[in-house]
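Work through the exercises below with the sequence and the structure in view. Try each task before reading its solution.

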Amino acid sequence: MRLAQLTLWDMKFQAKYGFYLLYGILTVLYIVILFALPEEWRGKAAALLIFSDPAAMGLFFMGAVVLLEKSQKVPCALATSPVSAAEYVIAQTVSLCSIALIVAGILALAAKLPHLPGVLLGTALSGIMFTLLGIVIATKITSLNQFVLYTVPVEVIGFVPAILHLFKLMPTGFGNYPANVCMDMIAGNSVSVAGLLVVIASILILFFLAERSILKMWKSAGGVKL
């Protein structure tokens, strides 16, 4: 019950600050782009759009979320509440991935992708990984500019291999790279059991790091270590 309430609170927070409105506008823009492209290009274009934006939105927005919460002294309140760091991480991940899944589903339907379950699974898994990475980075920054600077290496490591893999420009040995596995799901390509296990292991490691990062941030809430 507490986790559900925390997730609902996060969704209301995101709606208040225009996350849903922004992605409503972006979704319309992306659909226009897809329909402007030749039909034979739409599959890969849709996969590229889904992976590089809705699936990765947690990486882009966690900095803004955490900075807004810091400005409103939310970490101080959470640090003294019964809410655990794990519950906070799960709630943030679920709320942001919910938006990502809706946008990804709409884009997949607009592009007439025949593998909607794969698109949604790939979006969910990559969304979880990117959101957890965003949480780890966001807890260590003090300004939005700093967050943008810190996310650049993550974007290079996460996006470049996956984009090259989509266009078959990566060596075959990188097929089980987590980002490439998620891109394969979104693009409708087959994935191996080993690839799925690598993705799951990556998520577990990132969850542990995100939980530790939130605990550390809460312990120093208000400028005093608790």
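**Exercise 1: a serine in a helix**

In this predicted model, a polar atom of the S126 side chain lies 3.3 Å from the backbone oxygen of T123.

Task: Find where S126 is located, decide whether S126 is buried or exposed, and list what S126 is in contact with beyond its sequence neighbours.

Solution.
1. Locate the residue: S126 belongs to helix α7.
2. Check accessibility: the relative accessibility of S126 is 0%. Buried means under 20%, so S126 counts as buried.
3. List the contacts, leaving aside neighbours within four places in sequence: F51, A55, C182 and I186.
4. Add a distance: S126 and G188 are 62 residues apart along the chain, and their C-alpha atoms are separated by 15 Å.

**Exercise 2: helices α7 and α9**

Task: Describe how α7 and α9 are arranged, and state which residues make the contact.

Solution.
1. Recall what is needed: two packed helices are described by the angle between their axes and the distance between the axes.
2. Read off both values: the axes of α7 (residues 116-138) and α9 (residues 178-187) cross at roughly 155 degrees and come within 7 Å.
3. Classify the angle: angles over 145 degrees count as roughly antiparallel, and α7 and α9 are therefore roughly antiparallel to each other.
4. Give the hand: this crossing of α7 and α9 is left-handed.
5. Name the residues: α7 contributes G118, V119, L121, G122, T123, L125, S126 and M129, while α9 contributes P178, C182, M185 and I186.
6. Sort them by class: eight are nonpolar, four are polar and none is charged.

**Exercise 3: helices α8 and α9**

Task: Repeat the analysis for α8 and α9, giving the angle, the hand and the residues that meet.

Solution.
1. Read off the values: α8 (residues 144-166) packs against α9 at about 45 degrees, and the axes are 8 Å apart.
2. Classify the angle: α8 is therefore oblique to α9.
3. Give the hand: the crossing of α8 and α9 is right-handed.
4. Name the residues: on α8 they are G158, P161, A162, I163, H165 and L166, and on α9 they are A179, N180, M183, D184 and A187.
5. Sort them by class: the contact of α8 with α9 has seven nonpolar, three polar and one charged residues.

**Exercise 4: a glycine in the loop**

Task: Place G175 and find which residues G175 touches.

Solution.
1. Place the residue: G175 sits in the loop between α8 and α9.
2. List the contacts, not counting residues up to four places away in sequence: G175 touches H165, N180, V181 and D184.
3. Add a distance: the C-alpha atoms of G175 and G127 are separated by 19 Å, with these positions 48 residues apart along the chain counted as their separation.

Definitions and conventions. Residues are numbered from 1 along each chain as its sequence is written. This is a predicted model: local features need pLDDT of at least 70, side-chain atom pairs count only at pLDDT 80 or more; totals for chains, interfaces and linings use all residues. Side-chain values use heavy atoms; hydrogens and water are left out. Axes are lines fitted to C-alpha atoms, for helices over the stretch in contact, and angles run from 0 to 180 degrees between N-to-C directions. Helices (H or I, at least four residues) and strands (E, at least two) are DSSP runs, numbered from the N terminus. Angles under 35 degrees count as roughly parallel, over 145 as roughly antiparallel, 65 to 115 as roughly perpendicular and the rest as oblique. A crossing is left-handed if the near helix is turned anticlockwise from the far one by less than a right angle, and right-handed if clockwise. Contact means heavy atoms within 4.5 Å. Ala, Val, Leu, Ile, Met, Phe, Trp, Tyr, Cys and Pro count as nonpolar, Asp, Glu, Lys and Arg as charged, and the others, Gly among them, as polar. Buried means under 20% relative accessible area, exposed over 50%, partly exposed in between (1.4 Å probe, protein chains only). A polar contact is a pair of N or O atoms within 3.5 Å; within protein, one must be able to donate a hydrogen and the other to accept it, and residues adjacent in sequence count only if both atoms are side-chain atoms.
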